[in-house]
Amino acid sequence: MPWNPEVYNKFKAERFAPFYDLLTLLKVRQDLQVIDLGCGTGELSRKLADYLPNANVLGIDASAEMLQGAVEFEAEGLNFEQRSIEQQLKEDSRWDLVFSNAALQWLQNHETLIPSVIGMLKPGGQLLVQIPSNHDHFTHETIRNLAAQEPYCSALNGWTRISPVLNIESYAKILFDLGGSEITVFEKVYPHVLKDAAALADWVSGTALIPYLEKLPEELKKTFTGHYQMQLYQRFRESPVFYPFKRTLMAAVFG
Ligand SMILES: C[S@@+](CC[C@H](N)C(=O)[O-])C[C@H]1O[C@@H](n2cnc3c(N)ncnc32)[C@H](O)[C@@H]1O
């Protein structure tokens, strides 16, 4: 996926807020073996590592572009490897804490994914996950509608991205069925105030637009982005633009 750390980093404060909420759910213990799935630029893996006494943290991410900057955050007890979450799930390694901030939404079928991720834990281990649950917002609906129109529909072979994200009750049930205790699952609106529609388009181009741009031929990438921006400009003429961003946070202990 062509992730762009520069675009992603533009909205750092907004993107960091749910990470700090996740930290409030973390059971701090000494000497934890931790994996951060989809660690991105590694900046938050570093904050996590700094927060935990004497932990060993491994951040993995599929994107070489995102990991490029991670070198600067490496420290004793904190390493990064380029690997997909799917590959990591096939490994035998077990962890005291499986952490993932804003990454699991890119993997399909959460009914089986979440149990597999929980399977990475040692007995007594903790799962700590944050997933954006904003897929029904106008910004996302507009992408799907545009992708269903020509010439994009043919170029994409009729493909649009269906969000795999479940409702909070379903996640709570999965955690319970797998023997989770101290279960916390909630959805929170993060109130983002953006300068204007252009800033909103910028935000989305750092995430939700990516899979479409990746699949479209070169000559349609620019027009797709242009059409998308135009629709946002028509809908959000005001300044600032209020963007209520929903995210799901979950934590549980297993075994
Ligand atoms: C929104 S960023 C979050 C990065 C970081 N966790 C943070 O909070 O700043 C999502 C990250 O997930 C990674 N990602 C998406 N699908 C992945 C997969 N299947 N395996 C590994 N990483 C993946 C992307 O490369 C990207 O760096």
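This is a short talk about one protein chain and the ligand that goes with it, going from the whole chain down to single residues.

Okay, hi everyone. Before anything else, this is a predicted model: local features need pLDDT of at least 70, side-chain atom pairs count only at pLDDT 80 or more, and totals for chains, interfaces and linings use all residues. Residues are numbered from 1 along each chain as its sequence is written.

Let's start with the whole chain. The protein chain has 12 helices and seven strands. Those are DSSP runs, numbered from the N terminus: a helix is H or I with at least four residues, and a strand is E with at least two. The radius of gyration is 19 Å, close to the 18 Å from the globule rule for 255 residues, so the chain is as compact as a globular protein of that length. That radius is taken over C-alpha atoms, and the globule rule is 2.2 Å times the number of residues to the power 0.38. If you box up the C-alpha atoms along the principal axes, you get roughly 55 × 40 × 35 Å.

How much of the chain is buried? Of the 255 residues, 36% count as buried. By buried I mean that 20 or more other C-beta atoms lie within 10 Å of the residue's own; 12 or fewer is exposed, in between is partly exposed, and the C-beta atoms are placed from the backbone. Now contacts: two residues are in contact if their C-beta atoms, placed from the backbone, lie within 7 Å. Taking contacts with a separation of 6 or more, 76% are between residues 24 or more positions apart.

On to the strands. Strand β2, residues 56-61, is mostly covered, with five of its six residues buried. On one side, strand β1 (residues 33-37) runs parallel to β2, with five bridges joining them. Strands pair here if DSSP finds at least two bridges between them. One bridge to look at is Val 34, whose partner in β2 is Val 57. β2 also runs parallel to strand β3, residues 78-82, again with five bridges. There, Leu 58 stands opposite Asn 79 in β3. A handy reminder: in a regular strand the side chains alternate between the two faces of the sheet.

And how do you get from β1 to β2? β1, helix α3 (residues 43-51) and β2 make a right-handed β-α-β unit. Right-handed means that, with the strands pointing away from you, the path from the first strand over the helix to the second runs clockwise.

Next, one residue in β4: Val 98. Why does Val 98 count as buried? Because there are 23 C-beta neighbours inside 10 Å. Leaving aside neighbours within four places in sequence, Val 98 is in contact with residues including Ile 35, Leu 37, Val 117 and Leu 127. Val 98 and Val 57 are 41 residues apart in sequence, and their C-alpha atoms are 9.9 Å apart. Compare Ala 201, in helix α10: Ala 201 and Val 185 are 16 residues apart in sequence, but 29 Å apart in space, C-alpha to C-alpha. Ala 201 is buried too, with 21 other C-beta atoms within 10 Å. Not counting residues up to four places away, Ala 201 touches Tyr 228, Gln 229 and Leu 232.

Now the ligand. Which residues are closest to the ligand? Gly 38, Gly 40, Ala 62, Ser 63 and Trp 106, out of 19 that surround the ligand. A residue counts as near if its C-beta atom, placed from the backbone, lies within 6 Å. That shell has 11 nonpolar, six polar and two charged residues. Here Ala, Val, Leu, Ile, Met, Phe, Trp, Tyr, Cys and Pro are nonpolar, Asp, Glu, Lys and Arg are charged, and the others, Gly among them, are polar.

Last, the backbone oddities. Most residues other than glycine have a negative phi, and most peptide bonds are trans. Ala 102 has a phi near 60°, and sits in the loop between β4 and α6. Glu 182 has a phi near 50°, and lies in strand β6. Are they buried or exposed? Ala 102 is buried, with 20 other C-beta atoms within 10 Å, while Glu 182 is exposed, with 12. As for cis bonds, Glu 150 to Pro 151 is cis, with omega near 5°, and so is Ser 239 to Pro 240, with omega about 0°. Pro 151 is in the loop between α7 and α8, and Pro 240 is in the loop between α12 and β7.

That's me done, thanks!
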